[in-house]
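These are my notebook entries on a structure I looked through. I wrote down each thing as I looked it up.

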Amino acid sequence: MGAVNGSVLDGQRVRAKEGMSGCPAVMNAMMLFPESGGVQFACCYAMANLAGECRENQLLFHAGNAAQAVSRALDKFPSDPNVQEWGTRAFADLANDCHENQMAVMDAAGCSALIQTLATFPNVPAVQFAACYAIVNLASNNAHARKKLGDAGACRHIEKGMSGPCAVDPNVLEWACRALGDLANENEENQTKIRMTGGCRQVV
């Protein structure tokens, strides 16, 4: 890893003196080091744990355009399983019962990013679980998200994850079934896609 230049360190010291709170500090770190997979992973990890079940933090991250930052990280490091796992988990926790972040994830091409993650890591249980967890939190109470995820290929790629090596992982199966259920809820188009891709057989 290359050395950090003095101006960056000076800026970090100034922000520390000014008492930057946790959520903006995480966003600042993501912006300072967009080329570092380690930093992007760590920031997504922090974001997921800060946003989980805390609406105040969810809204702070929303104000800082967190969904766009996570989407950029997923796009920048498509083959890094740590970034992909925790980027999708960050999406999940940002979107959990938070309509503002659900819409922000969709506006940031987050649905396509989730499907790309599912497609790239069909044999990695932690990544499959995280992506399905994000799909559930996006689709469970958002009809627009159900349609957008269905159109992006979510039904087909969830089924693929359930039929591969991840088929013996209870966390993957639980959240994959929940994801299929939420995608199908009051959406006939997704119901048909799930049936045609063999999703019904996987659930049974």
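**Entry 1: exposure and ground rules**

I began with the terms: a residue is buried under 20% relative accessible area, exposed over 50%, and partly exposed in between (1.4 Å probe, protein chains only). The model is predicted, so I noted that local features need pLDDT of at least 70 and side-chain atom pairs count only at pLDDT 80 or more, while totals for chains, interfaces and linings use all residues. Residues are numbered from 1 along each chain as its sequence is written, and side-chain values use heavy atoms, with hydrogens and water left out.

**Entry 2: two positive phi values**

I looked up glutamate 53, which counts as exposed at 78% relative accessibility. Glutamate 53 sits in the loop between α3 (37-51) and α4. The helix names follow a rule: helices (H or I, at least four residues) and strands (E, at least two) are DSSP runs, numbered from the N terminus. The phi of glutamate 53 is near 60°, a positive value in a residue other than glycine. I noted beside this that most residues other than glycine have a negative phi.

I then turned to asparagine 65, in the loop between α4 and α5 (66-76). Asparagine 65 also has a positive phi, near 60°. Its relative accessible area is 42%, so I put asparagine 65 down as partly exposed.

**Entry 3: salt bridges**

I wrote down the rule before looking: a salt bridge is a side-chain nitrogen of Lys or Arg within 4 Å of a carboxyl oxygen of Asp or Glu. Side chains of opposite charge can pair when their charged atoms come close. How many salt bridges does the rule give? The count comes to six.

One of them joins the side chains of arginine 55 and glutamate 100, at 2.8 Å from N to O. Arginine 55 lies in helix α4 (residues 55-63) and glutamate 100 in helix α7 (residues 99-107), so this pair ties together parts that are 45 residues apart in sequence. Arginine 55 is partly exposed at 40% relative accessible area, and glutamate 100 is partly exposed at 30%.

**Entry 4: a network around lysine 147**

I next looked up lysine 147, which is partly exposed with a relative accessible area of 40%. Lysine 147 forms a salt bridge with aspartate 151, and their closest N and O atoms are 3.1 Å apart. Both residues lie in helix α10 (residues 143-152), four residues apart, which is about one turn of the helix. Aspartate 151 counts as partly exposed at 46% relative accessibility.

Which glutamate does lysine 147 also pair with? The partner is glutamate 189, with the closest N and O atoms 3.9 Å apart. Lysine 147 is in helix α10 and glutamate 189 in helix α13 (residues 188-196), so the bridge ties together parts that are 42 residues apart in sequence. Glutamate 189 is partly exposed, at 41%. I drew Lys147, Asp151, Glu189 and Lys193 as one network of salt bridges.

**Entry 5: α9 against α11**

I looked at helix α9 (residues 125-139) and helix α11 (residues 154-163), whose axes come within 11 Å and cross at roughly 145°. Axes here are lines fitted to C-alpha atoms, for helices over the stretch in contact, and angles run from 0 to 180 degrees between N-to-C directions.

Which residues meet in this pair of helices? Gln128, Cys132 and Ile135 in α9 meet Ala154, His157, Ile158 and Gly161 in α11. Contact means heavy atoms within 4.5 Å. The residues of this contact divide into four nonpolar, three polar and no charged. For that split, Ala, Val, Leu, Ile, Met, Phe, Trp, Tyr, Cys and Pro count as nonpolar, Asp, Glu, Lys and Arg as charged, and the others, Gly among them, as polar.

**Entry 6: two buried residues of α7**

I returned to helix α7 and looked up glutamine 102, which lies in it. Is glutamine 102 buried or exposed? Glutamine 102 is buried, with a relative accessible area of 1%. The residues touched by glutamine 102 include Asp97, Asn137, Leu138 and Asn142, leaving out residues up to four places away in sequence.

Valine 105 lies in α7 too, and valine 105 is buried at 0% relative accessible area. With the same places left out, valine 105 touches Ala67, Phe91, Gly110, Cys111 and Leu138. Valine 105 and leucine 138 are 33 residues apart in sequence and 8.5 Å apart in space, C-alpha to C-alpha.
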